[in-house]
Amino acid sequence: MTSATDNNPENENDSERNADEPAVLAERRAKLERLREQGIEPFPHEFDGRVEIAEVRAAHEGLEAGEEIDVSYRVAGRITARRDMGRSAFIDLVDRSGKIQLQSRTNELGDRHDLLVGLDLGDIIGVEGTVFRSRRGELSLRITDWVLLAKSLRPPPDKFHGLEDVEVRYRHRELDLIANEEVRERFIARAKAISAIRRWLDDRGFIEVETPVLQPIYGGALARPFITHHNALDRDFYLRIATELYLKRCIVGGLERVYELGKDFRNEGISFKHNPEFTMLEWYEAYADYEDAAKRLEELVAHVAQQVLGTTVVERDGHKIDLAPPWRRVTLRDAIREETGIDIMEHPTREQLAEAMGVEPDPQEGWGKLVDGLLSKAVEPKLIEPTFVMDYPVEMSPFAKRHRTEEGLVERWEAYVGGFEIANAFSELNDPDEQRRRFEQQAEEIARGDDEAQPMDLNYIQALEAGMPPTGGVGLGIDRLVMLLTGTHSLREVVLFPAMRD
């Protein structure tokens, strides 16, 4: 049976943690060569028969303190702590699913006990061992055999303090994942959310498609693109800013319910809610409108929260936010008027609205840009509870269908939760002649100097001329949804490898 000292304080090379990095690296490389001289391969090819640590823990939850059973497992993971007591030692081993304590004893492993104890924190090992629960109640494996699977040549981050330097965490996410369990859990939650989204859409008759990332004309959003050059074709292409126009061409072709989950790229500023490379879900449904899209979106988000968190309630900045339908609905006009006292529809020109706002706008800013500024600065931070902001001016929405009852507006909504936007949707414009006029209006914005305006896309107009049924379309930001579900406040916390300055 184990000694009651299995939870003694660590003595795991504290001096190494404080040493200069070059000396640490040199010592680890020297240890690597010594292992090879002793006939130990530090980077073998495989480790068969492994089970996850969580599976071992789940199978023996009922084991009593001090109890030992003759059941053996093979597990593998990274050494994160070691307590050496001479003829025995305790080692903490971590894999993706959790942590387990290992016990190594000289009377069972002989000289291989000393080799094991001489390994470094961060080394990856595979072990075989029998199950017991220590007298202090810690489920453990007594090692009967072990093998080195990967020698770590760099020490892991300080396990007592975690990895707190934001720059290092983002630039070397692998160290962040090693050091911070909550970060690993966050990205597991992200994966669960994406899987839940796919299942939900698949179960409702949507089919997943893939459209070009390299596009001859960018479109589907108001954003500045990245430009690249194709050598074989000797022409420039754009990294897509949205999947919208190609997906609607699929609707024209009769696929009727389609979605794409993938990367978009926008050459814009970086902020807590913007990264130049981000993940979007867009879906389009024939014979539906923006009201149908709103119902689907609120149902989907609530479903994903339930699947990932086990509840539809999330906490953010002291607020408990219930994502269950139905969500609040307010018009854009009313939302801005409530917060600023400005009725945008009573100031229909750029000059009139600027005067009401008390600003001197940039020459590149049209009326729609001013309205968008009011929304993002005055209204968006106040939208904590799930809210659809409905019915936008036509100038702000080149691909949305004109409102069926309100002159000058289109059938568009944006969804806000926790003080930021997570989704955007339209009753899609399917009149090719009206779409051409919208492109021409965007050309005026381009001439004004707006490098985010939408260029003319004749291929898309030709597709609409073939006939597109009434369609509802939605774009949902996956990164922002994961921010909401995990209670984080920066996109960089939910993107594995965010864009960084030199």
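**Figure 1. Overview of the predicted protein model.** Of the 502 residues in the protein, 50% are buried. The model shown is a predicted one. Its secondary structure consists of 16 helices and 18 strands. Measured out along the principal axes, the C-alpha trace spans about 85 × 50 × 50 Å. Among the contacts in the protein with a separation of 6 or more, 67% are made by residues 24 or more positions apart.

**Figure 2. Close-up of helix 11 and the elements against which its buried residues pack.** Helix 11 comprises residues 332-340, and its buried residues are Leu332, Ala335 and Ile336. When the helix is seen down its axis, these buried residues fall within an arc of 90°, and they therefore line one face of helix 11. The buried residues pack against three elements: strand 14 (328-331), helix 13 (367-379) and strand 15 (387-393). Gly341, which follows just after helix 11, adopts a positive phi of about 80°.

**Figure 3. Close-up of the open sheet formed by strands 7, 9 and 8.** The three strands are arranged in the order 7-9-8, and their pairing is antiparallel. Strand 7 (214-215) and strand 8 (226-230) stand at the edges of the sheet. Each of these edge strands has a single partner strand, so one side of each is left without a neighbour in the sheet. Strand 9 (residues 235-239) runs antiparallel to strand 8, and five bridges join the two. Within this pairing, Thr228 has Phe237 of strand 9 as its bridge partner.

**Figure 4. Close-up of Asp391 and its surroundings in strand 15.** Asp391 is a residue of strand 15, one of the elements against which the buried residues of helix 11 pack. The side chain of Asp391 deserves attention for its charge: Asp391 is buried, yet it has no salt bridge. The nearest side chain of opposite charge belongs to Arg404, at 8.3 Å; a salt bridge requires a nitrogen of Lys or Arg within 4 Å of a carboxyl oxygen, so this separation does not qualify. The side chain of Asp391 does, however, make a polar contact of 3.4 Å with the side chain of His403.

**Figure 5. Close-up of the residues in contact with Asp391.** Neighbours within four places in sequence are left aside in this view. The remaining residues in contact with Asp391 are Tyr290, Thr331, Leu332, His403, Leu409, Val410 and Arg412. One of them, Leu332, is also among the buried residues of helix 11. Another, His403, is the partner of Asp391 in the polar contact between side chains.

Technical notes: Residues numbered from 1 in each chain as written. Predicted model: local features only at pLDDT ≥ 70, side-chain atom pairs only at ≥ 80, totals over all residues. Heavy atoms only, no water. Buried < 20%, exposed > 50% of the residue type's maximum accessible area, 1.4 Å probe, protein only. Helix = DSSP H or I, 4+ residues; strand = E, 2+ residues; numbered from the N terminus. Arc of directions from axis to C-beta. Contact = heavy atoms within 4.5 Å. Pairing = 2+ DSSP bridges. Lys, Arg positive; Asp, Glu negative; His and termini not counted. Polar contact = N/O pair within 3.5 Å; in protein donor to acceptor, adjacent residues only side chain to side chain.
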